[in-house]
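Me: I'd like a close look at one part of this model, the open sheet and whatever packs on it. Once that's covered, feel free to wander on to the other strands and helices you can describe.

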Amino acid sequence: MNYSKRKASKKHKEINSKSKMQKKRVGVRLFKGFLIFVILICIVGAAAVGLLVKQVIDDAPEITAESIKPQGYSGTIFADDGVTVTGKPTSSGANRIYKTIDEIPVDMQHAFVAVEDSRFYEHNGFDPKGILRAGIVGITSGSFSQGASTITQQLIKNNVFPNFVNESETERVKRKIQEIYLSVQIEKMLSKDAILESYMNTINLGQNTLGVQAASLRYFGKDVSELTLSECATIAGITQSPGNYNPITNPEANAKRRKKVLDDMLEQGYIDQAVYDEAMADDVYARIQTVNTQILEEDNITSYFNDALVEQLMDDLTSPEGLGYSDTQAYNAIYGSGLTIFSTQNLTIQRICEEELCNDSNFPSTIEWGVDYALTIYRADGSQENYSSGHLKKFGAEQYQDYQGRLFSSQEEAYARIEAFRASVSKEDDVSYDEYVNLSPQPQCAVSVIDQSNGHIKALVGGRGKKTTNRGLNRAYTGSKRQPGSCFKILAVYAPALDMGSRTLASVEVDEPYQYSTGDSIGNWWGNYYVGSVTVREAIAESMNIPTVKILQDISVNTGYEWVTEKFGISTLTDTDYIESLALGGITNGVYNYELTAAYAAIANGGVYNEPILYTKVLDHDGNILIDNTKEPVTIMKDTTAALLTSAMQDVVNSGTAAPYAQLDNMPAAGKSGTTSDNKDFWFAGYTPYYTCSIWLGYDDNKEMNGRNWYYHERIWSNIMERINDELGLAYKSFTMPSSIVKRTVCAETGLLALTTDHDTGDLIGICEHTITEYFAPGTAPTKTCEGHEIEPPPEPEPEEPANGTNTGDTGDTGNTGDTGNTGDTGNTGDTGTTPPTDTPDTQ
């Protein structure tokens with residue numbers, strides 16, 4: 001570089017030249033002007049925001065110390081007549097037992113503070129640090145799921161703003177501002193203890209409980225003041241999501257949340273390591289099962305129908321596509337806001353279903369008893385040990401070689417086993433014990449009935465025998481998923497195949513040794529033999545496996561899957577169900593009874609699907625419509641497809657796998673039987689021109705049933721449907737065919753138009769001896785004629801008996817009666833050669 005004196009001087013002059021200096025001054029002035037402008041804009045903006053915030057605050061509701069305490073009204077459920085009351089959802093007052101802060105354990109108070117609002121005792125109603133933390137976490141993780149609301153804000157949200165729904169972003173911001181403002185105001189009115197007291201008496205803690213006392217009684221059977229740290233943490237872990245963290249139905253999820261509660265308490269200094277370790281070692285969930293029953297008067301036991309209705313309404317209220325309530329808001333609305341709910345329940349149909357499922361003569365004469373069990377023993381040293389149904393089962397396997405362990409031939413045997421188990425784990429100096437025992441008759445059963453014209457669920461019974469608990473296991477709704485067996489053949493295979501024109505009822509398939517694409521063999525339910533060529537109608541009537549799988553392979557698994565899920569509304573399938581066994585109902589998780597009923601109702605309704613609903617509308621306390629539950633019907637298949645399926649499934653009832661037990665004396669019926677390969681699930685889904693009904697029979701613990709049990713569910717189904725027809729006074733009605741359906745006589749062996757005249761070619765080709773007359777959708781009837789069949793030349797007649805030729809022809813005609821050999825195919829109904837032995841009790 002050249003740094004000579006001359007060059008340096010020149011550079012100095014350039015820097016200090018007039019033009020350069022003027023440019024610098026202009027730049028500085030512009031920057032100052034811009035800065036002043038920005039400051040002014042900020043001042044004006046801040047003033048505007050301040051004025052807006054002031055206006056929002058001025059519009060905030062007035063609150064008092066009393067107004068933030070929980071309040072509510074009981075609701076009313078009406079039957080489908082709009083007059084008869086079928087239930088009164090228990091009011092919030094009955095579900096909440098108010099406890100003062102002095103009656104609530106300090107551990108419970110600290111548990112909620114630690115997990116919900118760690119700076120509760122420091123802030124004045126809202127937590128800027130918490131908001132900043134949630135924002136940073138949201139920005140860095142891409143998920144803004146971490147809440148920043150304080151306990152005070154949650155209290156205000158639940159009790160002052162309990163009904164905010166469908167908010168715009170502007171409305172949400174406005175409510176948040178008011179929520180923060182009111183939180184600050186209430187903190188000026190009340191002490192921290194008073195706020196925490198109201199909060200712990202307000203929150204939804206699942207299983208129909210509001211507040212910590214009701215939850216304590218529900219989950220642990222004792223006053224909240226008696227709860228241990230471990231039990232307090234379990235309850236505190238529920239509040240973020242009562243459905244997901246329910247310790248009865250989702251103990252694993254609750255255990256993770258409980259650990260977080262204890263971790264937070266340890267980190268924040270509320271407990272030390274020794275206390276933490278003791279709480280973590282506590283087997284609290286076995287103890288919860290001990291008291292897994294509500295203390296309710298017998299008259300307060302709700303029906304399976306109303307249990308399902310509440311569940312459906314909860315889902316609708318909390319759905320983001322619906323009203324967007326929080327769980328606590330939805331619960332408060334149902335049990336404490338005075339809703340009027342118009343249900344779809346028909347009391348006559350509900351009574352019929354309940355009576356049939358409570359009638360032991362409808363089931364195998366030998367009743368077995370399933371046991372749900374829990375035991376807590378209080379030892380002399382102050383410790384306690386908890387035992388569950390799993391321990392009882394293990395004891396049976398080890399001591400009695402009874403590997404079923406929880407299924408007994410009599411109630412006496414069950415109680416004797418329980419006593420033996422209790423004796424094996426008890427000590428002489430034990431202080432006391434708590435025991436929970438629930439026996440249920442087995443095999444179990446579930447049924448649902450839907451009006452196919454509108455999707456209204458008319459009756460729903462989720463179990464056999466007398467109902468003893470509220471919102472317990474509901475096998476007819478979402479409480480149980482069972483394998484559907486051959487009921488899926490219609491939904492996944494035959495409906496799409498007929499609708500796409502891939503097959504007709506006269507199409508011929510071959511029942512023969514066959515394999516899945518994976519190489520696994522496919523068997524027949526009737527045994528290790530094959531019947532050869534059959535029509536699709538025959539394959540449906542006799543529930544043939546191999547023709548069904550062949551058709552699914554032809555139309556594709558994807559097509560079958562899409563029909564089941566997107567058209568028929570089955571919600572329980574997963575990505576693992578894109579498999580060929582879908583054709584036979586071999587799926588991962590099973591199906592819900594009511595969804596299967598709704599799917600068959602679509603066929604009964606001429607191919608129009610209606611979403612199954614349990615209520616039509618809900619009014620708020622002031623009589624305003626809160627929810628109009630009217631659903632738009634969706635056409636999922638051609639009316640001709642539905643009619644053809646109905647015709648084929650009439651054969652199932654009249655001469656196929658469901659005959660004769662599903663036949664009705666007072667109305668035509670159509671349907672499909674379903675049995676899993678291991679005889680653990682028995683189904684029948686069917687319909688009349690009025691109603692659709694599905695019934696399931698099986699053991700809760702998946703015990704395999706023998707062949708004697710296969711027809712009981714079909715007999716119950718027919719009892720229910722015949723009684724509905726009689727007691728509702730329904731006029732006899734036939735299934736109808738659309739006018740576009742045509743009839744053709746076809747060859748039963750080729751599916752082509754039948755050849756009725758011999759070829760005049762001299763060849764030994766004869767007419768089609770085995771013919772059927774079948775229905776066809778427009779454009780699907782065969783246009784080609786069968787070319788005939790080779791026949792053996794007739795023997796030369798004896799000269800002395802010339803008349804024999806004529807008689808031979810006559811015999812040939814009666815040989816045509818060998819067509820009833822075709823019926824002999826329905827003699828495959830003999831395949832219902834699983835007909836029960838004659839010593840099977842039959843009360844019909």
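**The open sheet and beyond**

Reply: Let's start with the sheet, bearing in mind that this is a predicted model. Five strands make up an open sheet in the order β2-β1-β3-β15-β16, and the pairing is mixed. The edges are taken by β2 (85–87) and β16 (625–628); each has a single partner strand, so one side of each is left without a neighbour in the sheet. From one strand to the next, the twist averages 25°.

At the β16 end, the partner is β15 (residues 615–619): the two run antiparallel and are joined by three bridges. To find your place there, look for Leu619, which stands opposite Ile625 in β16. Then bring in helix α14 (residues 304–318), which packs on the sheet and touches β1 (76–78), β2, β3 (340–343), β15 and β16. The direction of α14 makes about 65° with that of β15.

Further along the chain there's another set of strands to look at, centred on β19 (residues 681–687). β19 pairs with β18 (residues 670–675) in the antiparallel sense over six bridges, and with β20 (residues 691–698), again antiparallel, over seven bridges. Both pairings are hairpins: five residues lie between β18 and β19, and three between β19 and β20. In the β18–β19 turn, Asn679 has a positive phi of about 55°. For landmarks, take Gly674, opposite Trp683 in β19, and Tyr687, opposite Thr692 in β20.

β19 is also mostly covered, with seven of its seven residues buried. That goes for both faces: Asp681, Trp683, Ala685 and Tyr687 are buried on one side, and Phe682, Phe684 and Gly686 on the other. So Trp683 and Tyr687, the two β19 landmarks above, belong to one face, with buried being under 20% relative accessible area.

Last, a helix pair. Helix α19 (residues 487–500) packs against helix α24 (residues 639–654) at an angle of about 125°, their axes 9 Å apart. That angle makes α19 oblique to α24, and the crossing is right-handed. On the α19 side, the contact involves Ile490, Tyr494, Ala495, Leu498 and Asp499; they meet Thr641, Leu644, Leu645 and Met649 in α24. Sorted by class, that comes to seven nonpolar residues, one polar and one charged.

How values were computed: Residues are numbered from 1 along each chain as its sequence is written. This is a predicted model: local features need pLDDT of at least 70, side-chain atom pairs count only at pLDDT 80 or more; totals for chains, interfaces and linings use all residues. Side-chain values use heavy atoms; hydrogens and water are left out. Axes are lines fitted to C-alpha atoms, for helices over the stretch in contact, and angles run from 0 to 180 degrees between N-to-C directions. Helices (H or I, at least four residues) and strands (E, at least two) are DSSP runs, numbered from the N terminus. Angles under 35 degrees count as roughly parallel, over 145 as roughly antiparallel, 65 to 115 as roughly perpendicular and the rest as oblique. A crossing is left-handed if the near helix is turned anticlockwise from the far one by less than a right angle, and right-handed if clockwise. Contact means heavy atoms within 4.5 Å. Ala, Val, Leu, Ile, Met, Phe, Trp, Tyr, Cys and Pro count as nonpolar, Asp, Glu, Lys and Arg as charged, and the others, Gly among them, as polar. Buried means under 20% relative accessible area, exposed over 50%, partly exposed in between (1.4 Å probe, protein chains only). Two strands pair if DSSP finds at least two bridges between them.
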